[in-house]
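This briefing introduces a protein chain to a reader who has not seen it before. The sequence and the structure come first, and the notes follow by topic.

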Amino acid sequence: VQLQASGGGLVQAGGSLRLSCAASGRTFSSYGMGWFRQAPGKEREFVSAISKAGTSTYYTESVKGRFTISRDNAKSTVYLQMNSLKPEDTAVYYCAAGTRNPYSPRNYDYWGQGTLVTVSS
């Protein structure tokens with residue numbers, strides 16, 4: 001599976017962005033999908049994940065109520081709608097595909113190249 005993330009950019013605090021991650025290959029629906037982020041000088045951290053069929057979603061506490069993950073298996077794409085953005089959301093965001101526990105980056109087999117989100121105060 002090859003993943004291509006897009007949708008990052010510069011936004012003011014309180015604004016919104018929607019990230020997309022398009023997958024190539026015929027087995028997109030076989031994978032749970034996750035979003036991670038990495039700020040400068042920090043470790044990569046879990047943001048959100050969605051199950052293969054989209055019936056289960058997971059969020060880190062700091063983004064609950066602000067971010068929404070979704071997927072369209074017909075389009076082989078996963079989305080991350082980010083609202084009420086804060087400066088601390090600034091990071092490179094990565095999408096990933098995996099089949100195991102969604103919270104650890106070690107459990108993901110494929111990664112996109114990352115898209116930069118910058119939130120100004």
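A residue is called buried when its relative accessible area is under 20%, exposed when this is over 50%, and partly exposed in between. C95 has a relative accessible area of 0%, so C95 is buried. The model is predicted. The points below cover its disulfide, several of its strands, three loops, one residue of an early strand and a pocket.

**The disulfide**

- A disulfide is a covalent bond between the sulfur atoms of two cysteines.
- A search of the whole structure finds one disulfide, and the residues that form it are C21 and C95.
- The sulfur atoms of C21 and C95 are 2.1 Å apart.
- The bond links distant parts of the chain, since C21 is in strand β3 (residues 17-24) and C95 is in strand β9 (residues 91-98), 74 residues apart.
- C21, like C95, is buried, because the relative accessible area of C21 is 0%.
- The disulfide is right-handed because the torsion about the S-S bond of C21 and C95 is about 65°.

**Strand β4 and its partners**

- Strand β4 is largely enclosed by the rest of the structure, because six of its seven residues are buried.
- β4 runs antiparallel to β9, and seven bridges join the two strands.
- In this pairing, M33 stands opposite A97 of β9.
- β4 also pairs with β5 in the antiparallel sense, here over five bridges.
- R37 is the residue opposite E45 of β5.
- β4 and β5 form a hairpin with six residues between the strands, and in this hairpin G41 takes a positive phi near 75°.
- P40 also lies in the loop between β4 and β5.
- P40 is exposed, because its relative accessible area is 74%.
- From P40 to S70 the distance is 27 Å, C-alpha to C-alpha, while the two residues are 30 residues apart in sequence.

**Strands β7 and β8**

- The side chains of strand β7 (residues 67-72) alternate along the strand.
- F67, I69 and R71 point to one face of β7 and are buried.
- T68, S70 and D72 point to the other face of β7 and are not buried.
- β7 runs antiparallel to strand β8 (residues 77-82), with six bridges between them.
- F67 has M82 as its bridge partner in β8.
- The hairpin of β7 and β8 has four residues between the strands, and one of the loop residues, S76, takes a positive phi near 50°.

**Serines with a positive phi**

- Most residues other than glycine have a negative phi.
- S76 is not a glycine, yet its phi is positive, at about 50°.
- S76 is found in the loop between β7 and β8, and it counts as buried because its relative accessibility is 14%.
- S84 is not a glycine either, and it has a positive phi of about 50°.
- The loop between β8 and β9 holds S84, which counts as partly exposed because its relative accessibility is 41%.

**Q12 and residues far along the chain**

- Q12 belongs to strand β2 (residues 9-12).
- With a relative accessible area of 60%, Q12 is exposed.
- Leaving out residues up to four places away in sequence, Q12 touches V119 and S120.
- The C-alpha atoms of Q12 and S121 are separated by 6.2 Å, although these residues are 109 residues apart along the chain.

**The largest pocket**

- Rolling a probe the size of a water molecule over the atoms shows where empty space is left.
- The largest pocket has a volume of about 150 Å³.
- The largest pocket is lined by 13 residues, and the closest to its centre are G32, I50, S51, G98 and R100.
- β4 (32-38) and β5 (45-50) are the elements that give two or more residues to the lining of the largest pocket.
- By class, this lining has six nonpolar, five polar and two charged residues.

Terms used:
Residues numbered from 1 in each chain as written. Predicted model: local features only at pLDDT ≥ 70, side-chain atom pairs only at ≥ 80, totals over all residues. Heavy atoms only, no water. 1 Å grid on protein atoms, 1.4 Å probe; cavity = no way out; pocket = protein on both sides within 12 Å on 5 of 7 lines; lining within 4 Å. Points joined across faces, edges and corners; volume = space filled by probe spheres on them. Nonpolar A, V, L, I, M, F, W, Y, C, P; charged D, E, K, R; others polar. Buried < 20%, exposed > 50% of the residue type's maximum accessible area, 1.4 Å probe, protein only. Contact = heavy atoms within 4.5 Å. Disulfide = S-S within 2.5 Å. Pairing = 2+ DSSP bridges.
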